[in-house]
Amino acid sequence: MRTILVSPPLFLFTLCLMLGLSKPDPCPLQDYCIADTNNPKALFLNGAPCINPELATPSHFFTSSLSKPGNTSANQFGFSVTLTNTVNLPGLNTLGLVLARVDIAANGIVPPHAHPRASEVTTCLRGTLLVGFIDTSNRVFTQNLKPGESFVFPKGMIHFLYNMDSRNPALAISGLNSQNPGAQIASVATFASKPGVPDEVLTKAFQISSQEVAKIRRNLGG
Ligand SMILES: *[C@@H]1O[C@H](CO)[C@@H](O)[C@H](O)[C@H]1NC(C)=O
């Protein structure tokens, strides 16, 4: 019988690949790294530089930035997302997480979008939400959420939150496992990018006319 030997370089390469694929934000090498937002970005870091740990105070780990509703009239979809970040909550720097407050107007929607760097668990606090995501085999998973109920969107998957109530706003809170999850709304990225994706790419990709491309662009503010 022949034994299949994996050469050490190949083994190391595979190991690195596996670790790389499942890696969250880099692990902190100290208790915390309070973001030094006063210093200009003189160099590019993966995150923000830290202040001297001896200068840390409770206020660095505190924020009230999610206490007020966002303005759901600021976009045509009727949603507002307020995120904690290294500016309003400098103590979360390097810890690999953020919290998001999601306000959705009556019949408003957070349109299909993806976070390239984070999975998200959302909890409905007020109202009735229809949430869902689409996996890489184009299978869709949907669920109705009442207050207190949660749903998880795996990292990178396109997902949405729709307020089914035509009279009352909805509120959800989401945790994401990156300090910089990133967000791409599929329709806006495709039809309202700056500069625009060439017309012939969109007419071919969506099997529509250039008039229809122009209409969608206009609707989305492209
Ligand atoms: C919300 O946004 C809309 C549209 O930009 C604006 O007209 C309105 O004044 C804003 N409301 C508040 C409370 O900021």
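**Around Glu120 and its neighbours**

Let's start with Glu120: its relative accessibility is 5%, so this residue counts as buried, the cut-off being under 20%. Keep in mind that we're looking at a predicted model. Glu120 sits in strand 4, which covers residues 120-126. Leaving out residues up to four places away in sequence, Glu120 touches His115, Phe151, Val152, Phe153, His159, Ser174, Gly175 and Leu176.

Two of those names come up again in the UniProt record. An unreviewed entry there lists His113, His115, Glu120 and His159 under "binding site". These residues span 47 residues in sequence, yet no two of their C-alpha atoms are more than 11.9 Å apart, so they gather at one spot. Of the listed residues, His113, His115 and Glu120 are included in the lining of the second largest pocket.

Now hop over to His159, which belongs to strand 8 (residues 158-163). With a relative accessible area of 1%, His159 is buried, since that is under 20%. Again not counting residues up to four places away in sequence, its contacts include His113, His115 and Glu120 from the UniProt list, plus Phe133 and Phe153.

Those phenylalanines take us to the aromatic side of things. Phe133, Phe141, Phe151 and Phe153 make up one aromatic cluster; Glu120 touches Phe151 and Phe153, while His159 touches Phe133 and Phe153. The model has 6 aromatic pairs. One of them is Phe133 with Phe141: the ring centres are 4.9 Å apart and the planes meet at 15°, so the pair is stacked. Phe133 is buried, at 10% relative accessible area, whereas Phe141 is partly exposed, at 27%.

How values were computed. Residues numbered from 1 in each chain as written. Predicted model: local features only at pLDDT ≥ 70, side-chain atom pairs only at ≥ 80, totals over all residues. Heavy atoms only, no water. UniProt positions renumbered as here; feature names shortened; annotations may be inferred. 1 Å grid on protein atoms, 1.4 Å probe; cavity = no way out; pocket = protein on both sides within 12 Å on 5 of 7 lines; lining within 4 Å. Helix = DSSP H or I, 4+ residues; strand = E, 2+ residues; numbered from the N terminus. Buried < 20%, exposed > 50% of the residue type's maximum accessible area, 1.4 Å probe, protein only. Contact = heavy atoms within 4.5 Å. Phe/Tyr/Trp six-rings, centres within 6.5 Å; stacked < 30°, edge-to-face > 60°.
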